[in-house]
Amino acid sequence: MEYGVPKYVICPCCYNESGIGDDNVSQVRELIGYWVASGAQWHDPKFRSADWDLLTQLANIPPEWR
């Protein structure tokens, strides 16, 4: 989000598009949960850094969005 408005970009890891289906905390939790439960595979692995770690990534989510 920028200035409270979604940018409608597609995430290279989970393939979710901001502004589509992530309008509230419960939807965000559901999308993240589904992605993690499905193996947390990157949709576009060429964007994944060599030192990327799922647990570190999840720990960076603000507590109110977990």
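The following exercises, each with a worked solution, concern a predicted model.

**Exercise 1. The nonpolar core**

Identify the residues of the largest nonpolar core, and establish how Ala40 and Trp42 are placed.

Solution.

Step 1. Begin with the membership. Five residues make up the largest nonpolar core: Cys13, Trp35, Ala40, Trp42 and Trp52. In soluble globular proteins, nonpolar side chains tend to be buried together.

Step 2. Consider Ala40. This residue belongs to the loop between H1 and H2. Its relative accessibility is 7%, and buried means under 20%, so Ala40 counts as buried.

Step 3. Inspect the backbone of Ala40. Although Ala40 is not a glycine, its phi is positive, at about 50°.

Step 4. List the contacts of Trp42. With residues up to four places away in sequence not counted, Trp42 touches Pro12, Cys13, Trp35, Phe47, Arg48 and Trp52. Cys13, Trp35 and Trp52 are also named in the largest nonpolar core.

**Exercise 2. The cysteines**

Determine how many disulfides the model contains, and explain the result for Cys11 and Cys14.

Solution.

Step 1. Recall the chemistry. A disulfide is a covalent bond between the sulfur atoms of two cysteines.

Step 2. State the cut-off. The two sulfur atoms must lie within 2.5 Å.

Step 3. Apply the cut-off. The count comes to zero disulfides. For Cys11, the nearest cysteine sulfur is that of Cys13, 3.1 Å away, and Cys11 is in no disulfide. For Cys14, the nearest cysteine sulfur is that of Cys11, at 3.7 Å, and Cys14 is likewise in no disulfide. Each distance fails the 2.5 Å limit, and therefore neither pair is counted.

Step 4. Add the accessibility. Cys11 is partly exposed, with a relative accessible area of 22%. Cys14 is also partly exposed, with a value of 32%.

**Exercise 3. The largest pocket**

Describe the largest pocket by its volume, its lining and the contribution of the helices.

Solution.

Step 1. Give the volume. The largest pocket holds about 810 Å³ of space. Rolling a probe the size of a water molecule over the atoms shows where empty space is left.

Step 2. Locate the centre. Of the 24 residues that line the largest pocket, Asn16, Ser18, Asp22, Val28 and Ile32 lie nearest its centre.

Step 3. Sort the lining by chemical class. The lining of the largest pocket comprises 15 nonpolar, six polar and three charged residues.

Step 4. Assign the helices. H1 (25-37) and H2 each supply at least two lining residues. With four residues, H1 gives the most to the lining.

**Exercise 4. Two residues of helix H1**

Compare the surroundings of Tyr34 and Gln27, and decide whether each is exposed or partly exposed.

Solution.

Step 1. Place the residues. Tyr34 is found in helix H1, and Gln27 lies in helix H1 as well.

Step 2. Classify them. Exposed means over 50% relative accessible area. Tyr34 has 63% and is therefore exposed. Gln27 has 27% and is partly exposed.

Step 3. Relate each to a distant part of the sequence. Tyr34 and Cys14 are 20 residues apart along the chain, with their C-alpha atoms separated by 9.5 Å. Gln27 and Trp65 are 38 residues apart in sequence, and their C-alpha atoms are 9.9 Å apart.

Step 4. Note the contacts of Gln27. Not counting residues up to four places away in sequence, Gln27 touches Gly21 and Asp22. Asp22 is also among the residues nearest the centre of the largest pocket.

**Exercise 5. Two leucines of helix H2**

Establish whether Leu55 and Leu58 are exposed or partly exposed, and which residues Leu58 contacts.

Solution.

Step 1. Place both leucines. Helix H2 spans residues 54-59 and includes Leu55; Leu58 is found in helix H2 too.

Step 2. Classify them. At 64% relative accessibility, Leu55 counts as exposed. Leu58, with a relative accessible area of 23%, is partly exposed.

Step 3. Compare sequence and space. Leu55 and Arg66 are 11 residues apart in sequence and 13 Å apart from C-alpha to C-alpha. For Leu58 and Arg29, the separation is 29 residues in sequence and 11 Å from C-alpha to C-alpha.

Step 4. List the contacts. Leaving aside neighbours within four places in sequence, Leu58 is in contact with Ile32, Val36 and Arg66.

**Exercise 6. The backbone at Tyr8**

State what sign phi has at Tyr8, and where this residue is placed.

Solution.

Step 1. Tyr8 is in the segment before H1.

Step 2. Its phi is positive, at about 60°, although Tyr8 is not a glycine.

Step 3. Tyr8 counts as partly exposed, at 46% relative accessibility.

Terms used:
Residues are numbered from 1 along each chain as its sequence is written. This is a predicted model: local features need pLDDT of at least 70, side-chain atom pairs count only at pLDDT 80 or more; totals for chains, interfaces and linings use all residues. Side-chain values use heavy atoms; hydrogens and water are left out. Buried means under 20% relative accessible area, exposed over 50%, partly exposed in between (1.4 Å probe, protein chains only). A nonpolar core is a set of buried Ala, Val, Leu, Ile, Met, Phe, Trp, Tyr and Cys residues joined through side-chain atoms within 4.5 Å. Contact means heavy atoms within 4.5 Å. On a 1 Å grid over the protein atoms alone, a cavity is a set of points where a 1.4 Å probe fits but cannot get out, and a pocket is an open set with protein on both sides within 12 Å along at least five of seven lines; lining residues have an atom within 4 Å of a point. Grid points are joined across faces, edges and corners, and a volume is the space filled by probe spheres set on the points. Ala, Val, Leu, Ile, Met, Phe, Trp, Tyr, Cys and Pro count as nonpolar, Asp, Glu, Lys and Arg as charged, and the others, Gly among them, as polar.
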